[in-house]
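This report introduces a protein structure to a reader who meets it here without prior acquaintance. Please keep the sequence and the three-dimensional view at hand while reading.

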Amino acid sequence: MSAAGMVAALTGRDDAGAASRIPSTPSPQPPGNPNWQELEKMLGPGSRLYLPKEPKFPSLAQPWNLRYEDRKPMGIVSCATAKDVKAALLWAQDNHMPLAARAGGHNYAGYSTTTGLLISVRPMSEVTALPGKRLRIAGGATNGDVAKAGAGKTNLYVPGGRCVGVGIAGLTLGGGLGFNDRKWGLTCDNLVETEVVLADGRIVRANGTDRPDLFWACRGGAGSNFGINTSFVYNAVDVSQTTATFFRLTFHPRDGVEVMKIVQEGLLARDHDNNLDIRIEFENPGTGRDNVNVAVLGQYLGDDSATRTKLGALLKMGPAEQSIEQLGFWAAQEKLSMVSEHETVASKSLVPAKWLPAETVKEIVEWTLRWEPHRAGNSGYVTLFAMGGKAGEPRPADTAFPHRGATFVIDVGTSWHPETKPEAVKHLLAQTRTIHGRLSKELNTSAAYVNFPDPDLTDWHTAYYGNNYSRLTQIKAEYDPHQVFRYDQGIPPRPSSGAE
Ligand SMILES: Cc1cc2nc3c(=O)[nH]c(=O)nc-3n(C[C@H](O)[C@H](O)[C@H](O)COP(=O)(O)OP(=O)(O)OC[C@H]3O[C@@H](n4cnc5c(N)ncnc54)[C@H](O)[C@@H]3O)c2cc1C
């Protein structure tokens, strides 16, 4: 570890509490005797209440990030209709019980956990083609459900994320990055309408003309702030004739600076038709320096030969490994996708508005090489998701997602084996803070992506939402003035006439 890293490890904030599995949200304690029978009676066919004694309860309660798995709900209601979401929402309020909504359960910071009633919309997973190349996607569908429907049936595509288990709800409400956002925009940019169950139980539609303020907030204002979204309608693209070429090239870390120079100056800055999308991964897998590499992963919407020409400068460098494969559109998405089982993770993000200078890339390379895992199964990473193209076209205030001038979204983090000792976890977190702090300074930004939430971020209001924060608080005041939806970094209500 570098000297500066050691200083940060010794002097950084003590995250030992966060080291293992400590609930960070002091949710109000629920009352002693909730009337579960009443809730059960209200539910229609297909919906179900699960209480802790049931065999399925532990797996349904578990969030993706095991760091938050000790925050257990008192009950889980698995909803098959918006009507049942409404029943659960009103019942929780009548019984003075805290609540959280869950779709895919992949929130990094455990914001879909609660000590009260967990309202899962996961049974609602239908994907339906509508006239005019539109898709209606139910609120509990995942990236995997959407891809399956597209590849098997509709041939219609909405830009989504990489992980098959991520919910389309959480993804859309916070923005939605993927391997097609430079071509067709973020997931939220393609949204044309959503159905929302509001805190007072009304089931409403929000689109460009009906409740446009709520519609605006649902495109980047993050999950569980304004209601529970039970369906989404998107403009989609017919990809039946689209060819995509998958590529993954890996390089020795000493080549990282040159790789980034080519990616930034030679590829992204010149990709005027936005057919190229790229993710650069600097990862230390915790199995020794020899296994550290820099991976360039992505897709070109064109054939094999056009892709090889495009990537010529990288190929000339002689990648340690290379895989380039021309595929049909859906096969390429499958190749790019990943299945991620439960993990124990802490992540921080940055959204710079400029390219990374060579010196900064050098720091990332050195950090990756020196990163200390403490035990097998732990890893440290810096991943850069290319932005720009169509995702950069809207103005920052057009949707609640503000980062329209971004070059990359950078995800900095660590994943560790649950048995890692607390002292070691403390050091893993300190290493992440060190590189995050340096990148923030050198790239002159503290902007962050709300879908990679960081519970340690204090200035999250501006970091996630920029100048859109104030409007979001006004919309919150209109739709959830009593903060029925509440979590650590939840948007608070502030009437429009109120002072800053
Ligand atoms: C392995 C992995 C890979 C990822 N890859 C990408 C990626 O490629 N691109 C990208 O942009 N992001 C990615 N993410 C981040 C992801 O977009 C966010 O974690 C997203 O919020 C997850 O949505 P979810 O529905 O699965 O999560 P959940 O935890 O279910 O929900 C996320 C938030 O939304 C709320 N919520 C859930 N359902 C609803 C609803 N129906 N209505 C209102 N609020 C709701 C929850 O209470 C919570 O606050 C990834 C995350 C993981 C863990």
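The report below covers salt bridges, several buried residues and a pair of packed helices.

## Basis of the description

This is a predicted model, in which local features need pLDDT of at least 70 and side-chain atom pairs count only at pLDDT 80 or more, while totals for chains, interfaces and linings use all residues. Residues are numbered from 1 along each chain as its sequence is written, and side-chain values use heavy atoms, with hydrogens and water left out.

## Salt bridges

Side chains of opposite charge can pair when their charged atoms come close. A salt bridge is here a side-chain nitrogen of Lys or Arg within 4 Å of a carboxyl oxygen of Asp or Glu. A search of the whole structure yields 18 of them. The table lists some of these pairs.

| Acidic residue | Basic residue | N to O distance |
|---|---|---|
| Glu-281 | Arg-162 | 3.4 Å |
| Glu-325 | Lys-335 | 3.0 Å |
| Glu-393 | Lys-390 | 4.0 Å |

Glu-281 belongs to strand β13 (residues 276-284) and Arg-162 to the loop between β7 (156-157) and α7 (168-174), so their pairing ties together parts that are 119 residues apart in sequence. Helices (H or I, at least four residues) and strands (E, at least two) are DSSP runs, numbered from the N terminus. Glu-281 has a relative accessible area of 17% and is therefore buried. On this scale, buried means under 20% relative accessible area, exposed over 50%, and partly exposed in between (1.4 Å probe, protein chains only).

In the salt bridge between Glu-325 and Lys-335, Glu-325 comes from strand β15 (residues 321-328) and Lys-335 from helix α13 (residues 329-336), ten residues apart. Glu-325 is partly exposed at 30% relative accessibility, and Lys-335 is partly exposed at 40%. For the pair of Glu-393 and Lys-390, Glu-393 is exposed with a relative accessible area of 54%, whereas Lys-390 is partly exposed at 36%. In addition, Arg-182, Asp-271 and Lys-310 are joined in a network of salt bridges.

## Asp-181 and Leu-186

Asp-181 is located in helix α8 (residues 181-184). This residue is buried but forms no salt bridge, and the nearest side chain of opposite charge, that of Arg-279, is 6.1 Å away. For charge, Lys and Arg count as positive and Asp and Glu as negative; His and the chain ends are not counted. A polar atom of the Asp-181 side chain lies 2.7 Å from the backbone nitrogen of Gly-178. Apart from residues up to four places away in sequence, Asp-181 touches Leu-186, Asp-277, Ala-386, Gly-388, Lys-390 and Ala-391; contact means heavy atoms within 4.5 Å.

Leu-186 occupies the loop between α8 and β8 (191-197). Its relative accessible area is 0%, so Leu-186 counts as buried. Beyond residues up to four places away in sequence, the residues that Leu-186 touches include Asp-181, Met-387, Phe-401 and Arg-404. The C-alpha atoms of Leu-186 and Ala-400 are 12 Å apart, although 214 residues separate the two along the chain.

## Arg-102 and Thr-473

Arg-102 is part of strand β3 (residues 99-102) and is buried, at 7% relative accessibility. Its side chain reaches the backbone oxygen of Ser-112 at 2.8 Å and the backbone oxygen of Gln-62 at 3.3 Å. Outside its neighbours within four places in sequence, Arg-102 has contacts that include Leu-60, Pro-63, Leu-118 and Arg-122.

Thr-473 sits in helix α17 (residues 469-479) and counts as buried at 3% relative accessibility. Leaving out residues up to four places away in sequence, Thr-473 touches Ile-491, Pro-492, Pro-493 and Arg-494.

## Two packed helices

Two packed helices are described by the angle between their axes and the distance between the axes. Helix α14 (residues 358-370) packs with helix α15 (residues 422-442) at an angle of about 175 degrees, the axes being 11 Å apart. Helix α14 is therefore roughly antiparallel to α15. Axes are lines fitted to C-alpha atoms, for helices over the stretch in contact, and angles run from 0 to 180 degrees between N-to-C directions. Angles under 35 degrees count as roughly parallel, over 145 as roughly antiparallel, 65 to 115 as roughly perpendicular and the rest as oblique. Residues of α14 at this meeting include Glu-359, Ile-364 and Trp-367, and those of α15 include Thr-432, Ile-435 and Leu-439.

How values were computed. Polar contact = N/O pair within 3.5 Å; in protein donor to acceptor, adjacent residues only side chain to side chain.
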